[in-house]
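Trainee: I would like a close look at one part of this model. Please start with the overall layout, then go to the largest pocket.

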Amino acid sequence: MGRPWSKLQKEFYLLRADGLDLQLQCRAYRMNSQMGSTDIPRYWITLGTEIIWDYPRDFIEKNHPKRVNTKWYPYGNDVPDISNLIREYIDTPKDELMSKTFQMTIGG
């Protein structure tokens with residue numbers, strides 16, 4: 001990630017409406033296998049107690065021509081692209097947030 005996760009998360013929270021129970025989370029889970037070891041990234045957003053967005057669960061089986069081949073997940077993943085998308089959201093002026101279409105640029 002380009003910036004520490006806690007800084008991105010803090011800046012994201014500054015954009016929330018007062019009283020909105022919207023949480024942005026990121027965790028890395030250690031995975032050891034015959035191919036080696038790596039951290040498995042997971043991002044998710046909750047509204048109250050409901051998960052409304054979840055990476056990789058909502059994305060890993062979906063194909064995209066520029067996406068890292070999902071058979072190599074977690075060794076190849078979209079984490080840098082997700083961080084860039086969050087950064088773009090944070091940097092967007094507040095009066096444009098509801099009208100802007102955000103698209104993750106897969107693969108850079």
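Trainee: How many helices and strands does the secondary structure of the protein come to? Then the pocket itself: which residues lie nearest its centre?

Mentor: A caution before the count: this is a predicted model. The secondary structure comes to two helices and three strands. Along the sequence the pattern reads α-β-β-β-α. The protein has 108 residues, and buried residues make up 34% of them.

Take the strands next, since two of them return at the pocket. β1 covers residues 22-33, and β2 covers residues 36-47. They pair in the antiparallel sense over twelve bridges. A hairpin joins β1 to β2 through two residues. One bridge to find on screen is Met31, whose partner in β2 is Thr38.

β2 also pairs with β3. The two run antiparallel, and five bridges join them. Here Tyr43 stands opposite Tyr55 in β3. β2 and β3 form a hairpin too, with two residues between them. Gly48 sits in that turn and has a positive phi of about 65°. When you inspect side chains, keep one rule in mind: in a regular strand they alternate between the two faces of the sheet.

Now the pocket. A probe the size of a water molecule, rolled over the atoms, shows where empty space is left. In this model the largest pocket holds about 570 Å³ of space. Its lining has 18 residues. Nearest the centre lie Phe12, Leu22, Ile45, Tyr89 and Phe102. Start your view from those five.

Which elements supply the lining? β1, β3 (50-55) and α2 (79-91) each give at least two residues. α2 gives the largest share, with four residues. So a view of the pocket should keep helix α2 in frame, because α2 is a DSSP helix run that supplies the largest share of the lining.

The chemistry of the lining is lopsided: 16 residues are nonpolar, two are charged and none is polar. Tyr counts as nonpolar in this scheme, which matters for reading Tyr89, one of the residues nearest the centre.

Set that against the whole protein. Its accessible surface comes to about 7500 Å², and 52% of this belongs to carbon and sulfur atoms. Contacts add the last piece. Among those between residues at least 6 apart in sequence, 40% join residues at least 24 apart.

Terms used: Residues numbered from 1 in each chain as written. Predicted model: local features only at pLDDT ≥ 70, side-chain atom pairs only at ≥ 80, totals over all residues. Heavy atoms only, no water. 1 Å grid on protein atoms, 1.4 Å probe; cavity = no way out; pocket = protein on both sides within 12 Å on 5 of 7 lines; lining within 4 Å. Points joined across faces, edges and corners; volume = space filled by probe spheres on them. Buried < 20%, exposed > 50% of the residue type's maximum accessible area, 1.4 Å probe, protein only. Contact = heavy atoms within 4.5 Å. Areas by Shrake-Rupley, 256 points an atom, 1.4 Å probe, with all protein chains shown as cover. Pairing = 2+ DSSP bridges.
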